[in-house]
Amino acid sequence: KYMEGFNQELNAFIDRIERRAKEKTDKLMAEIEEEERQKRLGPGGLDPAEVYEELPKELQHCFDSKDIGMLQEVLTAMDPEEAQVWLKKCIDSGLWVPGPSGDGDDASAPPEQ
C-alpha cells in the first residue's frame, strides 16, 4: 500500500516536471524567435522577410535577380501611389537601401546602389 502511494506521487511529480520543462522550453523558443525577428528588422522597423513575402511576384523577381533596371521598369509600370507604398516598405525593411544621392522618395526611379 505504501509503495503504491509512493509510486503515484512519484509519477505525479515526474508529470509536473515534464509539463513545466515543456512550458519553459516553449517560452524560451518564443523569446529566441522574437529576438531573431528583432535583429532582422530594418531601419523603419519592418521585417524584411515579411515585406518580401508581401511583395508582388514581379518585385520579388527583381530582388531575387538583383536587377536594378528591372526594378525600375516594374515600379514605373505600376500605379505611382502603389509603387511609392512598395518602395517605402522595401526601404523601411532594409530590402532597399537608397544611395547617397537619393532620398528614396522617387518611386519611378529608385536610386542606384
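**View 1. Gln72 sits in helix α4.** At 21% relative accessibility, Gln72 counts as partly exposed. Buried means under 20% relative accessible area, exposed means over 50%, and partly exposed lies in between, with a 1.4 Å probe and protein chains only. Gln72 belongs to helix α4. Its C-alpha is 9.8 Å from that of Leu59, and the two residues are 13 apart in sequence. This is a predicted model: local features need pLDDT of at least 70, side-chain atom pairs count only at pLDDT 80 or more, and totals for chains, interfaces and linings use all residues. Residues are numbered from 1 along each chain as its sequence is written, and side-chain values use heavy atoms, with hydrogens and water left out.

**View 2. The protein chain has five helices and zero strands.** Along the sequence, the pattern reads α-α-α-α-α. Helices (H or I, at least four residues) and strands (E, at least two) are DSSP runs, numbered from the N terminus. The chain has 113 residues, and 25% of them count as buried.

**View 3. Two salt bridges lie within helix α1.** A salt bridge is a side-chain nitrogen of Lys or Arg within 4 Å of a carboxyl oxygen of Asp or Glu. By this rule the count comes to four. In one of them, Glu23 meets Arg20 at 3.6 Å, N to O. These two residues are three apart in helix α1, about one turn. Glu23 is partly exposed at 41%, and Arg20 is partly exposed at 47%. In another, Asp26 meets Lys22 at 3.0 Å, N to O. This pair is four residues apart, again about one turn of helix α1. Lys22 counts as exposed because its relative accessible area is 52%, while Asp26 is partly exposed at 40%.

**View 4. A salt bridge joins Glu54 and Lys89.** The N to O distance is 3.0 Å. The pair links distant parts of the chain: Glu54 is in helix α2 (residues 48–54), and Lys89 is in helix α5 (residues 80–93), 35 residues apart. Both ends are partly exposed, Glu54 at 43% and Lys89 at 28%.

**View 5. Two patches mark the surface.** Patches are made of residues with over 30% relative accessible area and no salt bridge; like charges are joined within 9 Å, and nonpolar side chains (Val, Leu, Ile, Met, Phe, Trp, Tyr) within 5 Å. The nonpolar patch is formed by Tyr2, Met3, Phe6, Leu10, Phe13, Ile14 and Ile17, with about 720 Å² of accessible area together. Accessible areas come from the Shrake-Rupley method with a 1.4 Å probe. Leu10 lies in helix α1 and is partly exposed at 35%. The negative patch is formed by Glu31, Glu33, Glu34, Glu35 and Glu36. Asp and Glu count as negative, Lys and Arg as positive. The place of a Glu charge is taken as CD. Glu31 is in helix α1 (residues 2–40) and is partly exposed at 40%.

**View 6. Cys62 and Cys90 form no disulfide.** A disulfide is a pair of cysteine sulfur atoms within 2.5 Å. A search of the whole structure finds zero. The sulfur of Cys90 is 9.8 Å from that of Cys62, so the gap is too far for a bond. Cys62 is buried at 3%, and Cys90 is also buried at 3%.

**View 7. Lys66 has a positive phi.** Its phi is near 55°, in a residue other than glycine. Lys66 sits in the loop between α3 (57–65) and α4 (68–77). At 73% relative accessibility, Lys66 is exposed.
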